Amino acid sequence: MEEQLNKLIPLIKMNIGKLEKDMNHELTPYGITFSQSRVIILLYDSACESLSMKELEKTFQVTQQTMLGIVKRLEKKNLVESFSYAPDLRVKHIRLTDSGLALGEKVYESVRETQMKIDHALTQQEQEVLASLLRKLYVSIA
């Protein structure tokens, strides 16, 4: 058991690190990071025109400060804009700009290419089992 534990944690970390490194490399031409791309993709793929900062924080399970940093960097690049509206002007919403929307299409395609690598490595059933196991693991350590 101890021997297996010493192999499993580094193996998970190696896979995450490799995926992030590959994604960051793919995204270099667009001037964004993997973390920033995740926000762009979520907004691009969202049925809503915008999401609140709280929704983004909850979805990505990060602190308010972390999400604020990501959003501010995207705002500086003119990819997203923040706004408030009635009934609660305290709630900050984020939406893609036209530039962000155009980039969203390209970023979405880069992510799709990475997904295809996973599709070639694992069968649909293996992907479902892996996803189930990762969710189970997350719940148990959360």
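# A walk through the model

At 46% relative accessibility, Asn78 counts as partly exposed, and this residue makes a handy place to begin. The structure you are looking at is a predicted model, so please read everything below as a description of that prediction. Asn78 sits in the loop between α4 and β2, the strand of residues 80-85. Its backbone has a feature worth pausing on: phi of Asn78 is near 60°, a positive value in a residue other than glycine.

Gln61 can be looked at in a similar way. Phi of Gln61 is near 50°, again a positive value in a residue that is not glycine. You will find Gln61 in the loop that links α3 (53-60) to α4 (64-76). With a relative accessible area of 52%, Gln61 is exposed, because the cut-off for that label is over 50%. Asn78, at 46%, is labelled partly exposed, since that label covers the range between under 20% and over 50%.

Now let us step back and take in the whole chain. The protein has six helices and three strands. Starting at the N terminus, these elements follow one another as α-α-β-α-α-β-β-α-α. The C-alpha trace spans about 55 × 30 × 25 Å along its principal axes. The protein has 142 residues, and 25% of them are buried. Its accessible surface comes to about 10400 Å², with 57% of that belonging to carbon and sulfur atoms. Contacts also reach along the sequence: among those between residues at least 6 apart, 52% join residues at least 24 apart.

Next, look at how two of the helices meet. Helix α2 covers residues 34-45, and its axis and that of α3 come within 12 Å, crossing at roughly 115°. The crossing of these two helices is right-handed. Which residues meet here? From α2 come Arg38, Val39 and Leu42, and from α3 come Leu56, Thr59 and Phe60.

Stay in helix α2 for a moment and find Ser37. Is Ser37 buried or exposed? At 1% relative accessibility, Ser37 is buried, because buried means under 20%. Setting aside residues up to four places away in sequence, Ser37 touches Leu27, Ile32 and Val107.

Helix α3 brings us to a pair of charged side chains. Lys54 and Glu57 meet in a salt bridge, at 3.8 Å from N to O. Both residues lie in α3, three residues apart, which is about one turn of the helix. Their surroundings can be read from two values: Lys54 is exposed, with a relative accessible area of 59%, whereas Glu57, at 10%, counts as buried.

A search of the whole structure finds five salt bridges, and another of them takes us to the strands. Glu81 forms a salt bridge with Arg95, and the closest N and O atoms are 2.6 Å apart. Glu81 lies in strand β2 and Arg95 in strand β3 (residues 88-96), so this pair ties together parts that are 14 residues apart in sequence. Both partners are partly exposed: Glu81 has a relative accessibility of 34%, and Arg95 has one of 28%.

One further salt bridge joins Arg90 and Asp88, whose closest N and O atoms are 2.9 Å apart. Arg90 counts as exposed at 74% relative accessibility, while Asp88 is partly exposed at 25%.

Our last stop is helix α6, which covers residues 124-141. Here you will find Gln127. At 16% relative accessibility, Gln127 counts as buried, because that value is under 20%. Leaving out its neighbours within four places in sequence, Gln127 is in contact with Gln115, Ile118, Asp119 and Leu122.

Leu130 is also placed in α6, but its setting can be described in another way. This leucine is partly exposed, with a relative accessible area of 40%. Which residues make a nonpolar surface patch with Leu130? Leu134, Leu137 and Ile141 join it, and the patch comes to about 360 Å².

How values were computed. Residues are numbered from 1 along each chain as its sequence is written. This is a predicted model: local features need pLDDT of at least 70, side-chain atom pairs count only at pLDDT 80 or more; totals for chains, interfaces and linings use all residues. Side-chain values use heavy atoms; hydrogens and water are left out. Helices (H or I, at least four residues) and strands (E, at least two) are DSSP runs, numbered from the N terminus. Buried means under 20% relative accessible area, exposed over 50%, partly exposed in between (1.4 Å probe, protein chains only). Patches are made of residues with over 30% relative accessible area and no salt bridge: like charges are joined within 9 Å, nonpolar side chains (Val, Leu, Ile, Met, Phe, Trp, Tyr) within 5 Å. Accessible areas come from the Shrake-Rupley method with a 1.4 Å probe; for residues, only the protein chains shown count as cover. A salt bridge is a side-chain nitrogen of Lys or Arg within 4 Å of a carboxyl oxygen of Asp or Glu. Axes are lines fitted to C-alpha atoms, for helices over the stretch in contact, and angles run from 0 to 180 degrees between N-to-C directions. A crossing is left-handed if the near helix is turned anticlockwise from the far one by less than a right angle, and right-handed if clockwise. Contact means heavy atoms within 4.5 Å.
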